[in-house]
Structures are given as C-alpha cells and as structure tokens.
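Let us walk through this structure step by step. Keep the sequence and the 3D view side by side.

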Amino acid sequence: MTLTQEGLAKGQDATGAEGVPAPRRVDAYRSGALRVPTRAPLALGGDPEAVELYGPVFGATEVTALDADLTRQHAGDPHGERITVSGRVVDRAGRPVGGQLVEIWQANASGRYVHRRDRHAAPLDPNFTGVGRCLTDTEGRYAFTTIRPGAYPWGNRENAWRPAHIHFSLFGRAFAQRLVTQMYFPGDPLLAHDPILHMITDQATRDRLVAAYDPELSVVEWSLGYRWDIVLDGPAATLPDPEVTA
Amino acid sequence: MTPAPRDLAPTPAQTVGPYYGHALPVPGGGEIAPTGHPEAITVHGCVYDGHGEPVPDALLEFWQARPDGSRAGAPGSWRRDPATGGHLGRDGIGFTGFGRVPTGADGHWSVRTLPPPPSAPYLAVCLFARGLPRHLFTRAYVEGLVADGELKALAGERGETLLARRDSGREGLFRFDLHLQGEKETVFLDFGAA
Ligand SMILES: [Fe+3]
C-alpha cells in the first residue's frame, strides 16, 4: 500500500481545533510517493555492539552565545511577535539529556524562509534569518528567543497552508535517538487541516507536537512564553552509561 | 546497569521539509578526516527515488567508530565564529566521527573520513529528505574491511545494498548509492525506536 492511500484513509479521524468544524478528511502528504521505502526496515535494536548506541559529541565550540536568540542576529529588530520557546529534553525514562545540540529553523513572521526556493509572495525580513542552536543544560533544558513564524502556502494542493511551526533537530546520547521534528502553536486553526501533522494518525500523538502557552516563561514587556518538552525515543538496547562514555 | 523503565511517550518525528538548506548544512561538513591524513578514504554516491531519479534535496549524516575501535566522539564538527556568527569549520586536526552533507542538484554526496575499525566496519548513515515522514537509518559497510558473508548474514540477498564498493580508478575511493524504493531499494535499519 502506498503512503498516499494510507494517509487518505487515516486522515479521516481528523478532529478540529477548538471552535473549528472538523474537516471530513485531511489531504494526503504527496511528496513521499516516490521516496518512502516500501519494505519494512531491518530490526537491529537488540545489537549491543551497534555504533548507533553511541553518538556524536557537541560542545562549546558548536555554539555562540547569540545563537539561541534569533532576534539579535542582525543590526535591527525583526518584525513579528517576539516569543520565548523553552522546554526539557528527556529520554523515555524521564532522564535529562544534557549537553546535546538542539538546532531550529523557521519562516519569518510573514511565513517566508531565507531559502532561494521559497517563492512565497511574502517579504523577507533583513533582520531575521530564522536559524538557531543551543546546547541543553545538565537538566536537559533548552531555550530560544525568536519570532512567532507565519503560516505559509505550499504545493500539496490549492490552498494548502502550513500551520505556524518551528523545525527542531535534536541529538541524544545515541545516534539512534536522532530526532528531526516540528513544533506547533496551540489554538492554530490550521492544525486540523495539515497533511504533514496528520501523517501522525492519532490525536494524542499529534498533541505532543503542540507547545503550551506558559505565562511563567513570558518575559515581562518583552516576549510571550511557550513550553515544549521533548522525549527522545529508543533505542531498544540499553545505552552505555553516559558517565563511562563521556 | 538495569534498564530504566521506558514510560514516557516519545515525541514523534516529522519531515525535514524542503527549507532546511540555510540552517543545517555546514561548510566542510563532509571533511570528517583530519586535513591531509594519509589513511583517509572517500565515500560517495547518489540518492535515488522510486523512478531512479536523483534526489537533489536530501541531507545525510554519518557517524562511525574511530580506526582504533573507540566509539567516543569529540566536539568540533562545526566550530562557530563568535566574531561573525558564521562557521569556522573543523580545526583540521581532530576526528569527531561525525559528518553532515546535503546532496547536490544531481543527487550526489561525498564524505572524506578515516576507515572504520574491522570490529565495526561501517559508517552509520541517517538520511533526511522532504517527503520522508521520518529519517531513515542505514549503514555503508566498507569493502575490504567487512568480513565475507557478513552482509548476507545480516540481510540476505539485499545485504549487498549495504556495501560501499571500491570505486574504479582511485585508491581509497568507495561508492555507496542509496535507493529509496524499487528493485535496488536500500536496506534501512530500525533500532527499536517506536
Ligand atoms: Fe517549514
């Protein structure tokens, strides 16, 4: 069965965001038709010798102090609603994943990426690139100051608009824990229509990609706070003790 | 060490999308071997879709053991420049075991690295692309380092899709193509993440 058919069938369980009528069906994500492998992956989860149970190491050389503040990378202030996005990175046992690299990228407040192939008729912002990175602290905490990104249209079908989102890339203690995903904003009416979010077929799992507004994280007279915690998966084999490998 | 309970539901993966190009690739991302190292090897190839067309917007990451068998990584894969906010690249001396390269318009990528040890004779590969709902793991086993029959034992007839073959014309050059679909579909790996 192709992914396209699967997406169509599974999209039918879509439920609407608050106050928005649930659509009958969310469109399938078409871009994967010739790209998603057709065969099941080979399970190597039990191999204690796998190199994938270890992973790349990052440190102070990989970040500068300003990398986590996307609003201060240019001479002037970017347009848009300033936000603070923060949370913890933990493993499935709830243990913090500290000292690991978190990278983010996003569109500007108008929904435009600093990318030559993004032809959306919205203005670039000379004061916003939309790229950030930081290391998690010993408690697994990360924090970014940025701008709430705009929605943008894309080619999946006529009037397909991506909900506002921030792309996240995370490293864990093992290469097998590698995660690239997207964070969404609570209450966005586009969440109910987005084929990419709805590739995840159940609501509870989709909800884990939606940040929470958190007044505790808001900075007085400065930024609105959003909290988003991240749980890194697997691997099935027990990871080497981090103290021994560090 | 007793395995910790895995009680928390994991955060699901999502596609890398088409617009990561200004964020994730770094200069010298494929120069994993120290500059001018005499034992360095080059591994290269193309990523192909189900029609055999090159995939021009894939991102590949590589992670491997050191030649001495150690799996300890090291910082420095991409040093930042605090003065300009740009990238300094690697220092040319250390070995971090990690690389990241995008494919070009022709779907081609390459990395220069040190040979992995015979005890783990492969480069672990993680592939991202628009259209993939989550990343894919595979391995590039280096011909001459991997034992005869190992790939067949691992994945049967399809095990040869995991072999980085000696490429003609140059010592230390290996070819590893990735086929996302089709008859030559690469064996992708699952490490037990849900
Ligand atoms: Fe996006």
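His167(A) is buried, at 2% relative accessible area. Buried means under 20% relative accessible area, exposed means over 50%, and partly exposed lies in between (1.4 Å probe, protein chains only). His165(A) is buried too, also at 2%.

A word on the model. It is predicted, so local features need pLDDT of at least 70 and side-chain atom pairs count only at pLDDT 80 or more, while totals for chains, interfaces and linings use all residues. Residues are numbered from 1 along each chain as its sequence is written, chains are lettered from A and ligands numbered from 1 in the order in which they are written, and side-chain values use heavy atoms, without hydrogens and water.

Back to the two histidines. Both hold the iron ion through NE2, and Tyr113(A) and Tyr152(A) add their OH atoms; these protein donors lie 2.0 to 2.2 Å from the metal. Donors are N, O and S atoms within 2.8 Å of the metal (3.2 Å for Na, K and Ca); water is not among the atoms, so sites may look incomplete. Along the chain, the donors are spaced as Y-x38-Y-x12-H-x1-H.

What is the geometry of the iron site? It is irregular, with angles of 90 to 161° among the four donor atoms. Four donors count as tetrahedral if all angles lie between 85 and 135 degrees; four count as square planar and six as octahedral if opposite donors are over 155 degrees apart and all others between 65 and 115; anything else is irregular.

Now the cysteines. A disulfide is a pair of cysteine sulfur atoms within 2.5 Å. The count over all chains is zero. Cys134(A) is buried at 8%, but its sulfur cannot bond because the closest cysteine sulfur, in Cys126(B), is 20 Å away.
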